[in-house]
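Reader: I have the sequence and the model open side by side. Could you take me on a close walk around one part, the place where protein meets DNA, and then show me how the two protein chains come together behind it?

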2 protein chains.
Amino acid sequence: MTRPFAPAIDLLRRAGLRPTRQRVALARLLFDGTDRHVAADALHAAAVAAGVRVSLATVYNALHQFTAAGLLREVVVDPGRSYFDTNTVDHHHFYVEDDGTLADIPAEDVTLGAIPPPPAGTELRRVDVVIRVGRRRGRGRARKN
Amino acid sequence: MTRPFAPAIDLLRRAGLRPTRQRVALARLLFDGTDRHVAADALHAAAVAAGVRVSLATVYNALHQFTAAGLLREVVVDPGRSYFDTNTVDHHHFYVEDDGTLADIPAEDVTLGAIPPPPAGTELRRVDVVIRVGRRRGRGRARKN
DNA sequence: GTGTTTGCAAAGTGTTTGCAATTTA
DNA sequence: TAAATTGCAAACACTTTGCAAACAC
């Protein structure tokens, strides 16, 4: 019944974030050992479902703070929706366009050769490989315009 | 003074789209031979600046119709803003995070080895490689929380 | 003519902000 | 107690929609 709070609290402390009730609750939902891809909305729903009183605005704040602290990584695959990944190790993604689902791909499963040099005055931040897939399509019928 | 309209009209016709005044005007702005990365907003502004009477809603419609017709490709690099690329040939991107700028990278400049098989029931749609770069940072000072 | 496309303004998304009330250390 | 954090609701940026008027063929 009582999952330990200590690990989440430590995690936050180590990240330099105050372990407030809502941050601890969110951290416990997020960092349970499995790799998750969450949208603010879904996390908020999960928190509420778990009986945690937290506002959506606080969830957004927490997600950004966690990201800034290196506990999460933001994944951009869909304009108009942000996903946060609990896997902060270098890796890539499958994105199932039809249902907005993400799946990790270990970095070593994608061979990425030499990368062209960044434009002048800029430095490399990250390389994101997104493999977009979709439910297999019938042999699509013609459409007019 | 009079840039030819015929090419744009043909382009639209071939794509199965009615060459209406606004679609022709937008096509002429977009397909001038160079590779462009536009957001709806910017294209609308450009059209208005060029003296074309067109509403933002129509620009959105046109961009999606052009994309569906294969004349454009949507590039997702920023949650909350859609970019459309006039280069529909297979290629990748640099994304300068600090100023929201995109630059093309020819497909052959990125070596992509074997790709893991798509999740069950799905088929490959596209592989996007986004190399995120940023203005070179000073040696960032400490921040607290 | 007839069906398509447009413009407008309103409605939607998803996200951020301002600020008083609350909580943490 | 002082400073950080929260919740709420309002403000946001961007995108989509509904429908009458305008347009293409």
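Author: **Around DNA strand C**

An N or O atom in the side chain of Gln22(B) sits 2.6 Å from a sugar or linking oxygen of DNA strand C. Before going further, please keep in mind that this is a predicted model. Chain A reaches DNA strand C as well: a side-chain N or O atom of Arg81(A) is 2.5 Å from a phosphate oxygen, and a backbone N or O atom of Gly80(A) is 3.3 Å from a sugar or linking oxygen of that strand. The elements that each give two or more residues to this surface are helix 4 and strand 3 of chain A, along with helix 2 (21–30) and helix 4 of chain B.

If you step back, there are 20 residues around DNA strand C, and the nearest are Tyr60(A), Arg81(A), Gln22(B), Arg23(B) and Thr58(B). On the DNA side, sugar and phosphate make up 85% of the atoms of DNA strand C that come within 4 Å of the protein. Helix 4 of chain A gives the largest share of the surface near DNA strand C, with 4 residues. Sorted by class, the residues of that surface are 6 nonpolar, 8 polar and 6 charged.

**Across to DNA strand D**

Now turn to DNA strand D, which is surrounded by 21 residues, the closest being Gln22(A), Arg23(A), Thr58(A), Tyr60(B) and Arg81(B). Of the DNA strand D atoms that come within 4 Å of the protein, 87% belong to sugar and phosphate.

Three polar approaches to phosphate oxygens are worth finding on your screen. A polar side-chain atom of Arg23(A) lies 2.3 Å from a phosphate oxygen of DNA strand D. Ser55(A) uses its backbone, with a polar atom 2.9 Å from a phosphate oxygen of DNA strand D. From chain B, a polar side-chain atom of His64(B) is 3.5 Å from a phosphate oxygen of DNA strand D. The elements giving two or more residues to this surface are helix 2 (21–30) and helix 4 (56–68) of chain A, together with helix 4 (56–68) and strand 3 (81–85) of chain B.

Here helix 4 of chain B supplies the largest share, 4 residues. By class, the surface near DNA strand D holds 6 nonpolar, 8 polar and 7 charged residues.

**Strand 3 of chain B and its partners**

Strand 3 of chain B deserves a pause. On one side, strand 1 (residues 37–39) of chain B runs antiparallel to strand 3 of chain B, and 3 bridges join the two. In that pairing, His37(B) has Asp85(B) as its bridge partner. Strand 2 (residues 73–78) of chain B is also antiparallel to strand 3 of chain B, joined to it by 4 bridges. There, Glu74(B) is matched with Phe84(B). The hairpin made by strand 2 and strand 3 of chain B has 2 residues between the strands, and Gly80(B) in this hairpin takes a positive phi near 90 degrees.

**Where the two chains meet**

Finally, let us look at the protein–protein contact. It draws 46 residues from chain A and 46 residues from chain B. Together the chains bury about 3,800 Å², 54% of it on carbon and sulfur atoms. On the chain A side, Val76(A), Arg125(A) and Arg132(A) lose the most area to chain B, together 18% of what that side buries.

How many salt bridges are there between chain A and chain B? The count is 6. One to look up pairs Asp98(A) with Arg125(B), where the closest N and O atoms are 3.4 Å apart. There are also 20 residue pairs in polar contact across the interface of chain A and chain B. Strand 2 (73–78), strand 3 (81–85), strand 4 (91–96) and strand 6 (122–135) of chain A each supply at least two residues of the side that touches chain B. Strand 6 of chain A gives the largest share of that side, 14 residues. In terms of class, the side of chain A that touches chain B has 22 nonpolar, 9 polar and 15 charged residues.

Strand 6 of chain A also pairs directly with strand 6 (residues 122–135) of chain B, in the antiparallel sense and over 13 bridges. To find your place along this pairing, start from Arg126(A), which stands opposite Arg132(B) in strand 6 of chain B.

Definitions and conventions
Residues numbered from 1 in each chain as written. Chains lettered and ligands numbered in written order. Predicted model: local features only at pLDDT ≥ 70, side-chain atom pairs only at ≥ 80, totals over all residues. Heavy atoms only, no water. Contact = heavy atoms within 4.5 Å. Buried area = accessible area lost by both parts, 1.4 Å probe. Salt bridge = Lys/Arg side-chain N within 4 Å of Asp/Glu carboxyl O. Polar contact = N/O pair within 3.5 Å; in protein donor to acceptor, adjacent residues only side chain to side chain. Nonpolar A, V, L, I, M, F, W, Y, C, P; charged D, E, K, R; others polar. Pairing = 2+ DSSP bridges. Near = heavy atom within 4 Å.
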